[in-house]
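Subject: Handing over the two-chain model

Dear colleague,

I am passing this structure on to you, and I would be glad if you kept it open while you read the notes underneath.

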2 protein chains.
Amino acid sequence: MKYSELFTRTSKNIPAEADSANARFLVQGGFVHRETAGVYSYLPLGLRVLRKIEQIIRVEVEMMGGQEILMPVLSPKENWVTTNRWDTFDVLFRLTGVQGKEYALGATHEEIVTPLVGDYIFSYKDLPIKVFQIQNKMRNELRAKSGILRGREFSMKDLYSFHANQEDLDVYYDFVKKSYLKIFKKLGFDSNITYITYASGGAFSKFSHEYQVLSDVGEDQIYVCEKCHVAVNHEILDEQKTCPECNNSNLVSKKGIEVGNIFKLGTKFSDAFGIKYADKDGVLKPVVMGCYGIGPSRIMGTLVEIFNDEKGIIWPKSIAPYQVHIVSIGDVAKDADKLYEKLMSEGIEVLYNDRDGRAGAKLNDADLIGIPLRLVISSRTLEKGSVEWKERSNNDAEEVKLDNVVELVKKYYLK
Amino acid sequence: MKYSELFTRTSKNIPAEADSANARFLVQGGFVHRETAGVYSYLPLGLRVLRKIEQIIRVEVEMMGGQEILMPVLSPKENWVTTNRWDTFDVLFRLTGVQGKEYALGATHEEIVTPLVGDYIFSYKDLPIKVFQIQNKMRNELRAKSGILRGREFSMKDLYSFHANQEDLDVYYDFVKKSYLKIFKKLGFDSNITYITYASGGAFSKFSHEYQVLSDVGEDQIYVCEKCHVAVNHEILDEQKTCPECNNSNLVSKKGIEVGNIFKLGTKFSDAFGIKYADKDGVLKPVVMGCYGIGPSRIMGTLVEIFNDEKGIIWPKSIAPYQVHIVSIGDVAKDADKLYEKLMSEGIEVLYNDRDGRAGAKLNDADLIGIPLRLVISSRTLEKGSVEWKERSNNDAEEVKLDNVVELVKKYYLK
């Protein structure tokens, strides 16, 4: 993409509402546009990042047996009355349409997915079933804050599993628990800073599990067992004062951002909707459920919180909107165009800043936007048949020969 | 995809609410699940169809210069007050969140896109700009009907263009007008049945244009000029009694489904939000806008209305959820598996009905689901080293040699 053709541009002004790095840099870099508190539009650069995050998650969840569906935002009141959550779900947006028809806006989708999948469950042979969607959720949050970390509208991948019994759920739950760690690693979070965190369970299990990424802007207080690399959410610290895995009582207080959670639902929702299956003997039994969430937009915000410096964002390779950011300095359009075409023809994703402008401003833009690899081409580098190679995560630049650039870029992205 | 692994199944029961072919076959085939009037979930087969439609549109709109963004469902009241549409937009869902904050649910996005793009318009050099999104819209329709044709929540591709003057808008508008016909053709609508239809314009132009596909279940009455292959919507028949292109007064009444529309907005929205640019002389002038819509979910419903018979759906090749439907009959799992693997390894999309079941039921399912090409493999065909080849749109079956199947499938899909 030629930057001259992109309609967005960077801004030098720190937004008034910027209470966090992601709220600041994503707006200044032209990734998102704030519409009102907790509600953002995704601009071309931001949408590319969001789609990459979603695609990494989608591929992994499909490998976990998930079948993709898409449920609506509009959710009929009846379904929430059936589960007794119409009046009790605290962040539910409620509205009334024509003829007094009442709806909730989907804040979570147990109320839709349970009867939906239930329509296809007859016997034990139909189980287990795992379905997921990637869809925008709405929550009437008292305080929207931290940019896209806690929004009133946000993207969510929600996976639901349906089992014949608790044992089958337990096995799948443990499988998801491990698989999620792999997903977070692929999304760019080092396993050093990602903690499976024990949180409150509910009627059907002692604990649920959150995935917390350490960050000073995190809303969650967690207590880390440095031996087991797990944590306990402060919400359950009264009942769980030690590490649930090794009983270590020396837990260290840290702040985390919750990037995912998994929960055993048991028969809470299948009971409410009367979803049963016939076992081998023809006896009707309730279906046992689990649910597993990861929020792609929150992942995007968290990545910015973790990977930034005073100049801007430092995207992980797997998530960056483009792989290479070409910056042309001075009157080198012909050679810069050629480099751009060459990289593109090799399937490399390139943002090419071909706009007029001072070198300093263009380099600042590249730092703000945060693509992992910057290539500067100028008359000075061209004299030597080379370009300046600078990694966003590294302070040192070096010169590489134009002839070797494609090969080196490919090698860099395989690392 | 092995049908045994898909959680959905077909149903013999015609849904009580089925007032149209799409409401019937999409539910019976396991493409969609009705949640409440006008609100549907997309099941794996249906989501594949929807994504294919969206992708065909996306590629074409990108070639028309559109840059993809994603705007929210939640839309602050202030923006609708600014354009005087808060009280007047008849199908707007309105709701109140915490602290009395009022929102509309996006029924269209001029109220969001105008100030958003406006933030990046400074001078004539920034224009034109074209942005689009593919996103779910909500409309508080008095009567939701005809399955996914007129829903309360539905998918929409909306493109908006921003120009320095009316002439530039006019040129782009004409370009879109032609390009849209190409899109509808790629989506499977024969140009014979697709009519550019003159409809009411508004303050800034005499006409807008709709794309109407002839169908007896269409809600729109249109008057067709058979010479020019254009039509006039009945809504403007009082003022436009003849063909606007050749003045032919012999217009033929037909029923159509509106699958797209394009509209010159002029400065209506840029005036409301005060979006101006500096021309070459530094004089501030208002931005001139156009908008261009195609509804992917409505396209999906319309395709079913046009392409069906008493047995089920007949998907066009470009849209079908899978390219080949393998039906195994009898005890031929080993050979059927091999055929499935072979087609898959060639990049062919296959639905493989490996479920137990009577031959008749499995063949009925294939007819209902409507994949263009069915391959039946049985001990009878295997004796001859062949499979039965049957196109959904053709009553005759033939036998083809197993060794030639891959080549023939590829040839069929290139036709």
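What follows goes from the chain as a whole to the contact between the copies, and then to one residue.

This is a predicted model, in which local features need pLDDT of at least 70 and side-chain atom pairs count only at pLDDT 80 or more, while totals for chains, interfaces and linings use all residues. Residues are numbered from 1 along each chain as its sequence is written, and chains are lettered from A and ligands numbered from 1 in the order in which they are written.

Chain A has eleven helices and 23 strands (DSSP runs numbered from the N terminus, with H or I of at least four residues for a helix and E of at least two for a strand). Its radius of gyration, taken over C-alpha atoms, is 24 Å, close to the 22 Å that the globule rule (2.2 Å times the number of residues to the power 0.38) gives for 415 residues, so chain A is as compact as a globular protein of that length. Of the 415 residues in chain A, 48% are buried, a term that requires 20 or more other C-beta atoms within 10 Å of the residue's own, whereas 12 or fewer make a residue exposed and anything in between partly exposed, with C-beta atoms placed from the backbone.

Turning to the two copies, 40 residues of chain A are in contact with 40 residues of chain B, where contact means that the C-beta atoms, placed from the backbone, lie within 7 Å. Among the elements that give two or more residues to this side of chain A are helix H2 (44-63), helix H4 (110-118) and strand S7 (129-138). A rotation of 180° with 0.0 Å of shift along its axis superposes chain A on chain B, with an RMSD of 0.0 Å (by least squares on the C-alpha atoms of residues with pLDDT of at least 70 in both). The two copies are thus related as by a two-fold rotation axis, and Leu95(A) is the residue of chain A that comes closest to that axis, at 2.7 Å for its C-alpha.

Finally, His234(A) sits in the loop between strand S12 (230-233) and strand S13 (252-266) of chain A, and it counts as partly exposed because it has 14 C-beta neighbours inside 10 Å. Leaving aside residues up to four places away in sequence, His234(A) touches Gln221(A), Ile222(A) and Tyr223(A).

With best regards
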